[in-house]
Amino acid sequence: MTGSTKHSPFGLLDGSVFQRPPNLPRRRGEPAKVDVADIQGNVLRGYSHPKAAYIFLHVDDVAKGKALLARMLPRITSGEPWGETPPATAIQVAFTYAGLKHIGVSPEILSSFPEEFRQGMAARAESLGDRGPNAPQHWEKGLGTGDAHVLLTVWAVDNEHLDHVREELRQVGASAGATRVINETRAEALRAGKDHFGFFDGISQPAVEGSGVQGRPGDGQPDGAGGWRDVAQGEFLHGYLDEDDGMPDAPIAPFDRNGTFMVYRKLHMNVAAFRRMTDEVGKRYPGGPEQLAAKIVGRWRDGTPLCASPDAPNPEIVADPSRINDFTYASDAAGLRCPVGAHIRRVHPRDAEGFFGGRLTNRHRIIRRGRTFGPPLPEGMMEDDGQERGLVFVCFNASIWRQYETIQRLWVDDGDPFGLGSDTDFLVGCPKGPKSKLTIPGNPPFFISPQPQFVTTRGGEYLYQPSISALRWLTT
Amino acid sequence: MGDRRNINGTTYALTVFTAIIPGHEKEVLAAIESVPRGAQSPLARLGTVHTSRLQIFDHLVHQGPSQSPDSLKSNYLVFTAAFDGELEPFLDSILDRIPEADGWWRHCVGYPGLSARAEFKRWIRHNQIHTSLFAVNSPNRSVSEVVESLALRDQVLEFAISAQGLDAAELQARFRHTFVEGK
Amino acid sequence: MSTVGVSAGASQRLTAVETAVEQANPALSAQLAGNRLGRLFCLTLFTPIRPQWVPVLRAAFYLGKYVSLAQTHILQFNFIRFVRWTIVSPELPFNGAPQQRDKLKYHYLFFESNFDGPWQHYIDAFAYCIPMDIRFCWGRGFDFPAPPPSEPLKRWIAMNSLEGGSYYCAYEHASTRMVAGALTVRERFQTLVAESQQLDASAFKAKYEQFLTDVQGHL
């Protein structure tokens, strides 16, 4: 059928193309206690390739689609250490429920997947805050409709390598009548690890026990003695003990081990609106626009945590990997340093009041693998230029309901667990009418209201990212 | 003595198990499922009921091998409520203002009907199971205090946002206008 | 005996129903109305107590009212509104024929809790934060999965949960935290009004700002 395709070059490259910010050096390696050779690589470690593409495929011909998958298998990167320099390209594969069903996975196996995955993200839009402009009827073509079957994530050291793989996939898939690309987003890291709003992003990740990657202080869970402990593997991978000291609910074989659930959300960021708001409101806020922006996020733009340095950014903290993420909320119950409603405090409350020293946060952690997309809005521009830009939010978790949806539904789209009533996350949430606000605690407090919408959902899918061996099983 | 165990502060926890007339289970189910929800609920009329649940209790769950099997001979309608004040005035308020109650209890054995006031009260008390321990998050707060407080909180917040940045004289004038003169 | 209402069974029942109703499935909404309403969730359990444990539990509940096992432990969770434990004697209330007299083999513990959902998070709080209280109340029951871990306890709860029926709350859209917060705001607000009658503008402003500072966590 498609034997003429050439293999991509897999040359090893000079490490300098990998844009890891100097203050976030690669976490140190250690012997892994998970079956890294069977796990798709980006679950337990983030890829630092500067270019990436998220390609959703619709499978037209199941037999040919499987043959295509079989051909790709050798190029799907596992979690095995790749030495000093990563390969020039890396590919990962995940399936929607519609995809698994479409390619003929048995009803028995299908029914072992949890309800939220079977329903898909679009069906759960209302509770996730995907209302109004975020609603699925406004999503990009190909997402949330059941047409997306497979997500290929491709990383590359440069556009040339990325294009090569994309073209290959497109041609092989289309010429054989196997698959069609129905949605695609190209993403590339902005300079110095910043997001479009100008904040240093991607700092905090759960430290996973025995993952082969050493965590930094603040990455794990508060250990109750002033330090941190790693999070159990089973929170992020099926087939391993989880934080409840049992095996996480998982689909049946061959999806019972080394696989995990993946959440994909394409989020548009209205940078001009964020700049205008911080500018306008910042004139009235006693701390000025920069502190106002920091209070909304919970970190200064350079990544300094407000908890560690509430009055000004501190380059020393940011430069020190052991300090950049090492902070807790217990001693700041009122939120005078970091507002209770600040974005990073909502999505990862650590040991905040009401969470019993972290005993009620450990089952709601996610591994984030986001990427920015679109060109930056030029410095100083206060009006939208009509360009699509934002974040491809990707996370991994053993249970979408218990982990991702708890964060999105109860902590981002609602504020009650923090005593914030119905308020949604001021930075990324969908405002609930004119009463939505953010309180910046102080004496007296400062209120920002109404809440503009800065982030809009452009589409999303719930996916399952199988183990390498399950991928092999799928090709037969 | 047992009766005081039902009370925490000014809130009373009532639990009533009444046996359903054999064969009337479907009617009871239909009756309780047709009780309007929310503000339309007949219980809303009383203004003293915090929470209430009506449900059918028709089976015991076998816990496992260490338990000797046990089963119910009758099916029960279980009525629970957490309300302000004592039981007697609560029963009076049902008698006076919730004619719908006949709809769910008339399928229960020995139900005398709302028209027989004394017998109704006796029947409820006879079927009441006293609470062993009742814990309340905000004790000594009536339904109306809670509802008013929720409304006031919204009003205060709205004011706080709109008055942010006003000078002292304006702030005081607007506060008086909103909260003092308006009353 | 006949079976009406919802049968007991699969451990994922509550979750499935909850999820289904979130999707506004009208066929299931009646079933769920018994357990969920606005921000509130109601959990009702009826489980057997080992005979020798009945007097211990009785004494503990008696003392609990004064010694405050419940007050300091269970209610440290600010998402629980009302909880009741009722020891039910083997002989259920009897009203004559045609009722068949029930003389059960055990005393039973009737438990009803009204709290802010989801119920799984509520059970996590029990299992991870006050496991000893939970073991004390139910732990002498039969085949009880003493926490932690929490997942077996969730399965036990789902197995025993009484579902269906109707559920009412006078302020269903307010969470327990919102209620407690609003009550605090009101109390503090009344003080503000009372103390600020005669103040000049700048003194009022200071008082008002102090008020906002005091209640900012509840607004």
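Student: In this predicted model, how many residues of chain C are in contact with chain B?

Tutor: The model is predicted, and totals for interfaces use all residues. On the other side of this contact, chain B contributes 72 residues. The number from chain C is 81.

Student: Which helix gives the most to the side of chain C that touches chain B?

Tutor: The side of chain C that touches chain B holds 46 nonpolar, 23 polar and 12 charged residues. One element of chain C, covering residues 176-195, supplies 11 residues to that side. No element of chain C gives more there than this one, helix 8.

Student: Which strand of chain C is joined by bridges to strand 5 of chain B?

Tutor: Strand 5 of chain B covers residues 133-136, and four bridges link it to a strand of chain C. The two strands run antiparallel. One residue of the chain B strand region, Leu133(B), stands opposite Trp85(C). The partner, residues 80-88 of chain C, is strand 3.

Student: What is the order of the strands in the open sheet of five strands?

Tutor: Pairing in this sheet is antiparallel. Each edge strand pairs on one side only, and the edges are strand 5 of chain B and strand 1 (36-37) of chain C. Read across from the chain B edge, the order is 5(B)-3(C)-4(C)-2(C)-1(C).

Student: Which residue is the bridge partner of Leu40(C)?

Tutor: Strand 2 (residues 40-49) and strand 4 (residues 107-116) of chain C run antiparallel and are joined by 10 bridges. Leu40(C) finds its partner in strand 4 of chain C. That partner is Asp116(C).

Student: How many residues does chain C give to its contact with chain A?

Tutor: Chain A puts 21 residues into this contact. On the chain C side, the elements that give two or more residues are helix 1 (13-22), helix 5 (119-129), helix 8 and helix 9 (201-215). By class, the chain C side has eight nonpolar, 10 polar and six charged residues. The number from chain C is 24.

Student: Which helix of chain C gives the most to the side that touches chain A?

Tutor: Helix 1, helix 5, helix 8 and helix 9 of chain C each give two or more residues to that side. The top contribution is four residues. The helix that makes it is helix 5.

Student: Does the radius of gyration of chain A agree or disagree with that of a compact globule, and what is its value?

Tutor: For 476 residues, a compact globule would have a radius of gyration near 23 Å, and the value for chain A agrees with this. The C-alpha trace of chain A spans about 70 × 50 × 45 Å along its principal axes. Buried residues make up 54% of chain A. The radius of gyration of chain A is 22 Å.

Student: Why is chain B described as more spread out than a compact globule?

Tutor: Chain B comes to six helices and five strands. For its 183 residues the globule rule gives 16 Å, and chain B is well over that, so it is more spread out than a compact globule. Its C-alpha trace spans about 75 × 45 × 35 Å along the principal axes. The radius of gyration behind this description is 22 Å.

Student: What arc do the buried residues of helix 1 of chain B cover around the axis?

Tutor: The buried residues of helix 1 (residues 25-33) of chain B are Glu25(B), Val28(B), Leu29(B), Ala31(B) and Ile32(B). They lie on the same side of the helix, because the arc that they cover is limited. They pack against strand 3 (49-57), strand 4 (76-84) and helix 3 (101-105) of chain B, together with strand 5 (166-169) of chain C. The arc is 165°.

Student: Is Ala333(A) buried, exposed or partly exposed?

Tutor: Ala333(A) is found in the loop between helix 9 (315-319) and helix 10 (343-347) of chain A. A residue needs 20 or more C-beta neighbours within 10 Å to be buried, and 12 or fewer to be exposed. Ala333(A) has 14 inside 10 Å, so it counts as partly exposed.

Student: Which residues of chain A have a pLDDT that stays under 50?

Tutor: Chain A averages a pLDDT of 92, and 94% of the residues score at least 70. Where pLDDT is low, the predicted coordinates should not be read in detail. In chain A, the stretch with pLDDT under 50 is residues 1-15.

How values were computed:
Residues are numbered from 1 along each chain as its sequence is written. Chains are lettered from A and ligands numbered from 1 in the order in which they are written. This is a predicted model: local features need pLDDT of at least 70, side-chain atom pairs count only at pLDDT 80 or more; totals for chains, interfaces and linings use all residues. Two residues are in contact if their C-beta atoms, placed from the backbone, lie within 7 Å. Ala, Val, Leu, Ile, Met, Phe, Trp, Tyr, Cys and Pro count as nonpolar, Asp, Glu, Lys and Arg as charged, and the others, Gly among them, as polar. Two strands pair if DSSP finds at least two bridges between them. The radius of gyration is taken over C-alpha atoms; the globule rule is 2.2 Å times the number of residues to the power 0.38. pLDDT is the predictor's confidence in each residue, from 0 to 100. The arc is that of the directions from the helix axis to the C-beta atoms.
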